[in-house]
Amino acid sequence: MTADRNQAVRELLAFYQEAGVDALVGETPVDRLAGDPPSDIPAPAAAVAQPRSEARVEARAAAWPQASTAPRTVLARDLEFKGRATVAPPPSSDAAVAAAREAAKSAGSLEELRAILERFEGCALRTTATRLVFADGNPQARLMFVGEAPGRDEDIEGLPFVGRSGKLLDRMIAAIGLDRTSVYIANIVPWRPPGNREPSAQESAICLPFIRRQIELADPDVLVCLGKPSATTLLDIKDGLLKSRGRWYTFHTGKREIRATVTMHPAYLLRQPLQKRLAWRDFLAIKKALATK
């Protein structure tokens with residue numbers, strides 16, 4: 001019974017970890033938005049000489065910071081009353097997309113683009129992810145793969161496609177005589193969504209200017225979208241995955257046109273192994289395109 005119970009506990013902890021639960025909390029609720037508890041609140045005995053109502057008023061006055069004489073908004077007053085400094089509200093979706101476009105446009109190299117993404121605060125996913133997952137492989141390669149978003153393993157290592165899906169992708173690349181030193185790999189969204197959920201349409205829209213600029217700077221000869229979300233975001237394909245795979249499309253960078261195609265995401269192939277035969281045909285077509293370019 002003890003061995004079975006230990007195994008059940010290990011499986012439960014593994015489930016929590018895959019779901020994005022990676023911190024322990026106490027049994028007593030804690031208001032983490034409140035400031036440090038005041039240390040100069042008068043002891044109850046000190047209030048005996050005064051009426052109870054006056055003692056409470058003075059205790060409250062000593063507990064909270066003095067009001068500023070500068071004009072304040074309602075948000076500022078509320079936050080100051082809670083003992084916190086005033087913070088700016090998060091930008092709207094349209095403002096975040098506009099900021100992403102301007103930031104991505106200013107990047108003159110992949111290194112600059114990565115540094116800009118490290119500082120970019122327009123996407124809330126950066127606050128829940130462990131680190132930025134920018135890219136892997138050779139940025140000078142003629143072949144570039146783009147997936148949807150990092151998972152747990154990618155979030156830990158800071159590299160795309162390093163978990164089970166990544167190992168399968170490595171084998172698929174090796175099947176056409178290539179490896180990670182001869183391809184370039186990235187994702188639409190460079191931060192892991194909590195619990196490995198799919199990125200929202202808003203999150204993808206905010207990150208789209210960055211991946212478009214990343215493709216433009218890498219300038220591959222062949223672009224491969226791994227999975228339907230990547231194909232929908234980058235190529236505006238409305239058809240289903242099985243209908244759109246194996247075809248050739250055009251990705252416009254603004255400076256040139258890049259041949260693009262769609263194939264199944266390795267995570268999909270892990271769930272549907274019979275579809276590997278179709279993915280194999282796609283990769284043979286990719287190999288042929290590289291040879292005839």
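## Reading contacts, burial and a cavity

Analyst: Start with L223. L223 touches M144, V146, I215, L234, F251, I258, R259, A260 and T261, leaving aside residues up to four places away in sequence. Keep in mind that this is a predicted model.

User: Which residues touch the most other members of the largest nonpolar core?

Analyst: That core has 62 residues. M144, F145, W191, F210, I215, L223 and L234 touch the most other members. M144, I215 and L234 also appear among the contacts of L223.

User: Next, R180. Is R180 buried or exposed?

Analyst: Buried means under 20% relative accessible area. R180 has 16% relative accessibility, so R180 counts as buried. R180 sits in the loop between α8 (164–174) and β3 (184–187).

User: Which polar partners does the side chain of R180 have?

Analyst: Look for N or O pairs within 3.5 Å. The side chains of R180 and D170 share a polar contact of 2.7 Å. A polar atom of the R180 side chain also lies 3.1 Å from the backbone oxygen of P160. Beyond four places in sequence, R180 touches residues including D136, N138, F161 and I185.

User: How many cavities of 30 Å³ or more are there?

Analyst: The count is 1. The largest cavity holds about 60 Å³ of space.

User: What lines the largest cavity?

Analyst: Read the lining by residue, by element and by class. The lining residues are L117, V133, F134, N187, I188, P190, C207, F210, I211 and Q214. Helix α9 (residues 201–218) gives the largest share, 4 residues. By class, 8 are nonpolar, 2 are polar and none is charged. One of the lining residues, F210, is also listed among the core members with the most contacts to other members.

Conventions: Residues numbered from 1 in each chain as written. Predicted model: local features only at pLDDT ≥ 70, side-chain atom pairs only at ≥ 80, totals over all residues. Heavy atoms only, no water. Helix = DSSP H or I, 4+ residues; strand = E, 2+ residues; numbered from the N terminus. Buried < 20%, exposed > 50% of the residue type's maximum accessible area, 1.4 Å probe, protein only. Polar contact = N/O pair within 3.5 Å; in protein donor to acceptor, adjacent residues only side chain to side chain. Contact = heavy atoms within 4.5 Å. Core = buried A, V, L, I, M, F, W, Y, C linked by side-chain atoms within 4.5 Å. 1 Å grid on protein atoms, 1.4 Å probe; cavity = no way out; pocket = protein on both sides within 12 Å on 5 of 7 lines; lining within 4 Å. Points joined across faces, edges and corners; volume = space filled by probe spheres on them. Nonpolar A, V, L, I, M, F, W, Y, C, P; charged D, E, K, R; others polar.
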